[in-house]
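Reader: I'd like to go through the charged pairs first, then some helix packing. Can we start once the structure is up?

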Amino acid sequence: MEKKENIFLYALIGLCAIFWGVSFLFTSFLFKEGIEIFELLAVRWTIALVFFLILWATRIIKLDFKNKPILLLLITGMLQPCLYSIFEAAGIKLTTASESSIIIATIPLFVLITGIVVFKKSTDILTVFAIFLALVGVVTCVIFLPDFSIGGKIRGYGMLFTAVLLAAFFSHSSGKCAEKFTPMESTFAMTALAAAFFNILNLATRGSFELYSAMFSNFKLFGYSIVLGIGCSAGCYIIFNYAVSKMVPAKASNMVSNSTNVVGVLAGIIFAGDNFGWYTAVGLACTITGICLTTRARKKEAALHEGLDSNVNQNI
């Protein structure tokens, strides 16, 4: 049973990596159409919310928030996607693509650090090595690029590292939510909060909701928005919240984030004509090895828990 659950979980993480990994292609198309960041986020999360409401109205999913810590859900949703998206976008705008890629790739490392320092969580050396190796892989893929540059402003670095910390605390907060809420309930609440948050920001900055009417007159615009809203927002966050409910946050973050990086690099090479060299091969090999080591660390953790449960039962 445990093996089947593992296969199902890893398959879901792979699906999440595919959607998040290619999301930049859809996002870049929308930006080329002249869409602003808050417009994109408002439409993306509104579509995700409509999708959830349809599932709930047709009783495909069940939601029960009665006598549950709603404040915890609100905090989780504000951490990510609300505040995280703003700081990430601002940081990317103020730095180079190379710098932002490297800094964002440190999220699993900061999940591990905050878990140990702030939440007093223990970890094993294999997990630490796996996260470090995956990070080395991402850095290798980036720093040897022909157009790699260091020229961002300190303010941009501050924005990006703030986004990284928000993502780290979100991972732990999502793990706490998993103790009280189902992954579907957590994601629905996050989606509703994000839809309201970004529509308000869009209205404040743009003064209109023109993009919603434009979507229905442009088939490509509509299609990309649907994929981002249903696949990359609703679907991927359901998977991430589910993964955190089944794994230690640092391990879940390492698997999801770095699987996404691998897909993103490959998608860029195949569809966008990005450079491919020895550094890409070495970097991907390190990242994939780090991901695989994370799965081994999880198996050891599961075996340890099974052993403890067995000893408890024997003592009883």
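Reader: Which side chain meets Lys-68 in a salt bridge, and at what N to O distance?
Author: Glu-185, at 3.1 Å from N to O. Bear in mind that this is a predicted model.

Reader: Where do the two residues of that pair sit in the chain?
Author: Lys-68 is in the loop between helix H2 (37-57) and helix H3 (70-94), while Glu-185 belongs to helix H8 (residues 183-206). They are 117 residues apart, so the pair links distant parts of the chain.

Reader: Is Glu-185 buried or exposed?
Author: Buried, at 4% relative accessible area. Lys-68 has 24% relative accessibility, so that residue counts as partly exposed.

Reader: How many salt bridges does a search of the whole structure find?
Author: Five. One of them joins Lys-251 and Asp-124, with the closest N and O atoms 3.5 Å apart.

Reader: Which parts does the pair of Lys-251 and Asp-124 tie together?
Author: Helix H11 (residues 249-271), which holds Lys-251, and the loop between helix H5 (107-117) and helix H6 (125-143), which holds Asp-124. The two parts are 127 residues apart in sequence.

Reader: And is Lys-251 buried or exposed?
Author: Lys-251 is buried, with a relative accessible area of 4%. Asp-124 counts as partly exposed, at 28%.

Reader: What does Glu-179 pair with?
Author: Lys-176, and the closest N and O atoms are 3.5 Å apart. Glu-179 is exposed at 55% relative accessible area; Lys-176, at 44%, counts as partly exposed.

Reader: Which residues are linked in a network of salt bridges?
Author: Glu-36, Glu-39 and Arg-206.

Reader: Switching to packing. How do the axes of H7 and H10 cross?
Author: At roughly 70°, and the axes come within 8 Å. H7 covers residues 154-177 and H10 covers residues 219-246.

Reader: What does that make H7 relative to H10?
Author: Roughly perpendicular, because the crossing angle falls in the 65 to 115 degree range.

Reader: Which residues make the contact?
Author: From H7, Phe-170, Ser-171, Ser-174 and Gly-175; from H10, Tyr-237, Phe-240, Asn-241 and Val-244.

Reader: How do the residues of the contact of H7 with H10 divide into nonpolar, polar and charged?
Author: Four are nonpolar, four are polar and none is charged.

Conventions: Residues numbered from 1 in each chain as written. Predicted model: local features only at pLDDT ≥ 70, side-chain atom pairs only at ≥ 80, totals over all residues. Heavy atoms only, no water. Salt bridge = Lys/Arg side-chain N within 4 Å of Asp/Glu carboxyl O. Helix = DSSP H or I, 4+ residues; strand = E, 2+ residues; numbered from the N terminus. Buried < 20%, exposed > 50% of the residue type's maximum accessible area, 1.4 Å probe, protein only. Axes fitted to C-alpha atoms, helices over the stretch in contact; angles between N-to-C directions. Parallel < 35°, antiparallel > 145°, perpendicular 65-115°, else oblique. Contact = heavy atoms within 4.5 Å. Nonpolar A, V, L, I, M, F, W, Y, C, P; charged D, E, K, R; others polar.
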